[in-house]
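Student: Could you take me closely through one part of this model, working from the wider arrangement down to a single side chain? I would like a connected account rather than a list.

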Amino acid sequence: MGRLFIEDAKGEKVLMCKGCRVDSASYDDIQSKEFQGRYGRAYLFRKVVNIVIGSSEPRFLSSGFHVVNDIYCSSCMQLVGWRYEIAKEESQKYKEGMFILEKERMEKKGG
């Protein structure tokens, strides 16, 4: 098995995986804090680091039908959220390619 490459999230405040404390995203990259995940509040990001993207899966969410990929921490493989691959409704197309990180699965570092 190869070496694990860990990327640092840029910024004063960073969200880290609660399981292994590896950086996941910078607070500077939060697009919205008004999302609901499986475990409560969730944040929408344009960029995240140190993740593994799962297979595509159709899912009906509170905002409609989407094709999503679960995302996992690349270090400990804990489920941390999902990525919007395809939004079926025109009003939701802005989410395509963006990521949801579950606040419950994250820990804050800095600031």
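Tutor: In this predicted model, a convenient place to begin is one bridge, in which Gly81 has Leu101 of S8 as its partner. That bridge belongs with the pairing of strand S7, residues 79-87, and strand S8, residues 99-102, which run in the antiparallel sense and are joined over three bridges. Both strands sit within an open sheet of six strands, whose order is S3-S4-S8-S7-S6-S5 and whose pairing is antiparallel. The edges of this sheet are formed by strand S3 (30-37) and strand S5 (51-61), each of which pairs on one side only. On average, and with direction ignored, neighbouring strands of the sheet are turned by 30° against each other.

From the edge strand S5 we can go down to one residue, since this strand contains Arg59. Arg59 counts as buried because its relative accessibility is 13%, and the cut-off for buried is under 20%. The side chain of Arg59 takes part in a polar contact of 2.9 Å with the side chain of Asp70, and a further polar contact, of 3.0 Å, joins the Arg59 side chain to that of Glu57. If residues up to four places away in sequence are not counted, Arg59 touches Arg38, Gly64, Phe65, His66, Val68, Asp70 and Trp82. Asp70 therefore appears both in that list of contacts and as a polar partner of the buried Arg59.

Key:
Residues are numbered from 1 along each chain as its sequence is written. This is a predicted model: local features need pLDDT of at least 70, side-chain atom pairs count only at pLDDT 80 or more; totals for chains, interfaces and linings use all residues. Side-chain values use heavy atoms; hydrogens and water are left out. Two strands pair if DSSP finds at least two bridges between them. Helices (H or I, at least four residues) and strands (E, at least two) are DSSP runs, numbered from the N terminus. Axes are lines fitted to C-alpha atoms, for helices over the stretch in contact, and angles run from 0 to 180 degrees between N-to-C directions. Buried means under 20% relative accessible area, exposed over 50%, partly exposed in between (1.4 Å probe, protein chains only). A polar contact is a pair of N or O atoms within 3.5 Å; within protein, one must be able to donate a hydrogen and the other to accept it, and residues adjacent in sequence count only if both atoms are side-chain atoms. Contact means heavy atoms within 4.5 Å.
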